[in-house]
Structure formats: structure tokens, C-alpha cells
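Please find below my note on the model under discussion. The points concern the ligand site first and the domain arrangement afterwards.

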Amino acid sequence: MIAQVKEQFHKLFGKEPIIVSSPGRINLIGEHTDYNEGFVLPAAIDKKIIYAIALNGTDTCNAYALFNHEKVSFSLKNIQPAQGWINYLLGVVHELQQLGHAVKGFDCVITGDIPIGAGMSSSAAVEGGLAVGLDHLLHLGLTRMQMAKIGQLAEHHFPGVKCGIMDQFANLHGKKDRVMLLDCRSLEFQYFPFEFSKDYKIVLVNSMVHHSLASSEYNVRRAQCEEGVKILQQFYPGIHSLRDVTPAQVEQHKDKLPAKVYDRCLYVTQENERVQLACAHLQKNELKEAGKLMYASHDGLSKLYEVSCMELDFLADLAKEREEVAGARMMGGGFGGCTINLVKQDQVEGFVSFVQSRYKERFGQIPDVYVTSIEDGTTVKER
Ligand code: GLA
């Protein structure tokens with residue numbers, strides 16, 4: 001991919017770019033907890049977006065996407081939301097400008113192998129790649145966390161998804177063979193070695209359902225959580241988010257919460273507990289126990305948070321039938337995309353053919369499968 005973007009860049013712009021490699025992410029557990037100031041356990045992976053990028057000495061930005069051969073240009077003087085992948089570039093430039101950084105015109109070619117709409121956060125990779133590229137070229141001296149926040153705000157203000165910080169955080173802080181426990185309130189985080197990588201593989205199974213509902217329903221879920229917090233504040237004035245609430249407290253005030261709001265709050269408070277428990281198990285090498293929590297997470301996402309779909313439920317159920325799978329669940333925002341499965345290394349092949357044939361039988365389509373590895377976050381490569 002690097003050779004391809006370089007070649008196209010030379011053809012279009014006739015100069016030498018820098019190369020930025022910006023990964024997608026997985027999340028072991030802790031879904032829809034980030035915007036509730038809770039905990040997540042993500043990692044950056046070997047699927048990525050690649051940029052070739054250089055300044056061009058003008059006030060115009062030119063971008064070419066190899067995946068659809070689309071070329072777009074925009075002026076730095078008038079940044080407005082637009083449709084498609086370009087929106088993420090516009091968003092990042094806008095947020096940098098809002099922070100008072102003098103962005104300069106640039107040329108870029110972009111390509112990648114993160115499947116779009118599959119829950120691996122291709123959008124955070126597009127944002128993080130550009131933020132790191134511009135930080136490097138313009139010597140902005142931004143920290144990784146500042147760039148993560150820029151990506152998050154770009155997402156809020158341009159595509160309009162009120163996302164949490166997990167995806168942009170993971171994209172920018174990933175470390176080879178490490179998962180990260182992030183406290184989405186303090187933004188403190190810890191790297192954990194993913195000790196199981198010798199014996200287990202992280203296998204993503206794509207339901208092939210494109211999560212088009214995701215952005216509108218995502219914002220609805222966020223609003224329902226906030227509504228829950230407002231109601232619960234009548235009983236617990238000190239709470240600021242669902243992070244401060246226990247499942248028992250949610251249950252205690254069930255009659256005061258609208259039914260859906262109750263379900264959402266119960267899920268989030270339980271999921272926060274599950275992340276912490278999962279970490280404790282992982283530290284003690286108890287992968288099966290952590291895996292059980294992944295299944296429970298899926299169950300909650302499906303029944304209480306209602307962000308799954310029948311295809312994802314089917315895939316999670318298939319995984320449960322298999323001895324070689326330690327745990328599985330839907331991953332990311334939901335309404336489609338992938339399940340994440342921890343599968344015994346020497347039995348990946350059998351698992352994949354089992355899942356593909358059963359899924360085809362049921363839905364008439366063979367799901368794509370990605371056996372991933374945990375890699376570093378966004379990096380500037382040598383020329
Ligand atoms: C999307 C968002 C994240 C997070 C997940 C769900 O990926 O971008 O911030 O909320 O959904 O955990």
C-alpha cells in the first residue's frame with residue numbers, strides 16, 4: 001500500500017511526501033462506555049489507512065483516494081461539512097483552525113485496508129492519520145491525546161456523531177502486543193501485555209451488514225444515558241455520569257426511569273463492572289473467565305442496549321458453540337459490523353470454515369474474516 005500511495009502521489013503532485021500509517025482498532029470489552037466516562041479495553045491493529053502527504057505552499061488542500069479514485073479539493077478559507085470520506089479531513093482541519101493553528105495547504109493520497117462500516121473505526125484512522133501528518137509537517141508539537149481530542153471533535157462537528165474518545169485514543173496510543181485500559185474520565189491509561197497472543201488469535205467476523213443506522217441511533221443512545229443521569233441525580237446529587245452509578249442503584253430506581261432509559265443505564269453500569277473484572281482475569285491469565293464476560297457484554301448490547309442485529313447475534317451464538325473460542329461479542333458502535341472472537345491459534349481454520357458455512361446457510365452470504373494482530377498506533381514512516 002505504501003508503494004501504491006507513493007507512486008500515485010508522485011504522479012499527481014510530482015514531489016516527495018511523508019508516509020503516515022494509521023491503524024484501525026479492536027476493543028476487547030467496554031462498549032458504549034466511553035461517552036459515559038467509563039472504561040474501555042481497546043488496541044490498535046494491523047488494518048490501516050496510509051497517507052502520502054506534503055505541504056504545497058498554497059491555501060488549497062488536494063486529496064486523492066485510491067479506494068474510489070476520487071479527487072477532491074477544498075480551500076482553507078472556507079471549511080464546511082461535505083459528504084463522504086473528505087468530511088473527516090475537513091473536520092480535522094477545522095478543529096486545528098479552531099485551536100488557533102495556522103494550517104497550510106497540503107496534497108495527499110490516501111488508501112487503506114480497514115473495511116468501512118465494519119466497526120474497526122476507519123474514520124478515526126482517517127482523522128488520526130491526518131492529524132499526525134499535519135502535526136509533523138507543520139511542527140505543531142501536539143500531544144497524542146490532543147490529537148485524539150481533535151479527531152473526536154471533528155467527528156462531533158462534521159459527520160455529527162457524538163462519539164466518545166475510544167477510537168481516536170486507540171488509533172493514536174496503540175502499542176504492539178498491548179491492549180490499553182483507558183479511564184475515559186481521567187484519560188489515564190495502562191498498557192497490558194496481551195499474553196495470550198501466543199495461543200489465541202483475535203478473529204474478526206464481518207456480518208457484512210453495513211451499520212447505516214449507527215450515527216443517528218448512536219446519538220439517541222447517548223441522549224438516553226444522559227436522561228438517565230439527570231433522573232438519578234435526584235437521588236444521588238453527586239453523580240456526574242453513569243460511571244458514578246452501580247447496577248444496584250439503577251435497579252433501585254427502576255420505577256422512576258422510562259423503560260428504555262432503565263435498560264440503557266443498567267447495561268452501561270454492568271459493562272463498566274465487566275471491564276474491570278475482565279482486566280483482573282486477564283492479569284491472572286484467566287482467559288476463559290474474561291471470555292464469559294465478553295459473551296455477557298454481547299448479551300447486554302443486544303437485549304438492553306439494543307445496538308446488535310440478528311446477524312451479529314447469530315455470529316455470537318455460533319462462537320458459543322465452539323470449544324476453541326474463549327469469548328466473542330459484537331464490537332464497536334453496532335447495528336452491523338464485526339464480532340470479535342478469541343480463538344485458539346491452532347484451530348482458527350476450523351472455526352473460520354464452520355462460521356462461514358453456517359452463516360452462508362442462514363444468510364446466503366459468506367462473511368469476511370480478519371485474523372488480526374495488535375500493532376502500534378499512528379506512525380510517520382520514513383520517506
Ligand atoms: C463507536 C464510537 C466510540 C464508542 C463505540 C462504542 O466506535 O466512535 O466512541 O462509543 O462506538 O463503544
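The numbered points below set out the ligand site and the two domains of this predicted model.

1. Surroundings of the ligand. The residues around the ligand are Arg25, Glu31, His32, Asp34, Tyr35, Cys163, Gly164, Met166, Asp167, Tyr218, Gly332 and Gly333. By class, this shell divides into four nonpolar, four polar and four charged residues.

2. Polar contacts from side chains. Aspartate 34 places a polar side-chain atom 2.5 Å from an oxygen atom of the ligand. For tyrosine 218, an N or O atom in the side chain is 2.5 Å from an oxygen atom of the ligand.

3. Polar contact from the backbone. Histidine 32 takes part through its main chain: a polar backbone atom of this residue is 2.6 Å from an oxygen atom of the ligand. As to burial, the ligand taken alone exposes 300 Å², and the protein buries 91% of that area.

4. The pocket. Which pocket does the ligand take up? The space taken by the ligand is the largest pocket.

5. Domain assignment. The chain is assigned a domain 1, made up of 2–193 + 376–382, and a domain 2, covering 200–372. Their C-alpha centres lie 25 Å apart.

6. Contact between the domains. How many residues of each domain are in contact with the other? On the side of domain 1 there are 36 residues, and these are in contact with 46 residues of domain 2.

7. The ligand and the domains. Each of domain 1 and domain 2 supplies at least three residues to the shell around the ligand. A description of the site should therefore refer to both domains.

Notes. Residues numbered from 1 in each chain as written. Predicted model: local features only at pLDDT ≥ 70, side-chain atom pairs only at ≥ 80, totals over all residues. Heavy atoms only, no water. Near = heavy atom within 4 Å. Polar contact = N/O pair within 3.5 Å; in protein donor to acceptor, adjacent residues only side chain to side chain. Areas by Shrake-Rupley, 256 points an atom, 1.4 Å probe, with all protein chains shown as cover. 1 Å grid on protein atoms, 1.4 Å probe; cavity = no way out; pocket = protein on both sides within 12 Å on 5 of 7 lines; lining within 4 Å. Sits in = over half its atoms within 2 Å of the grid points. Nonpolar A, V, L, I, M, F, W, Y, C, P; charged D, E, K, R; others polar. Contact = heavy atoms within 4.5 Å.
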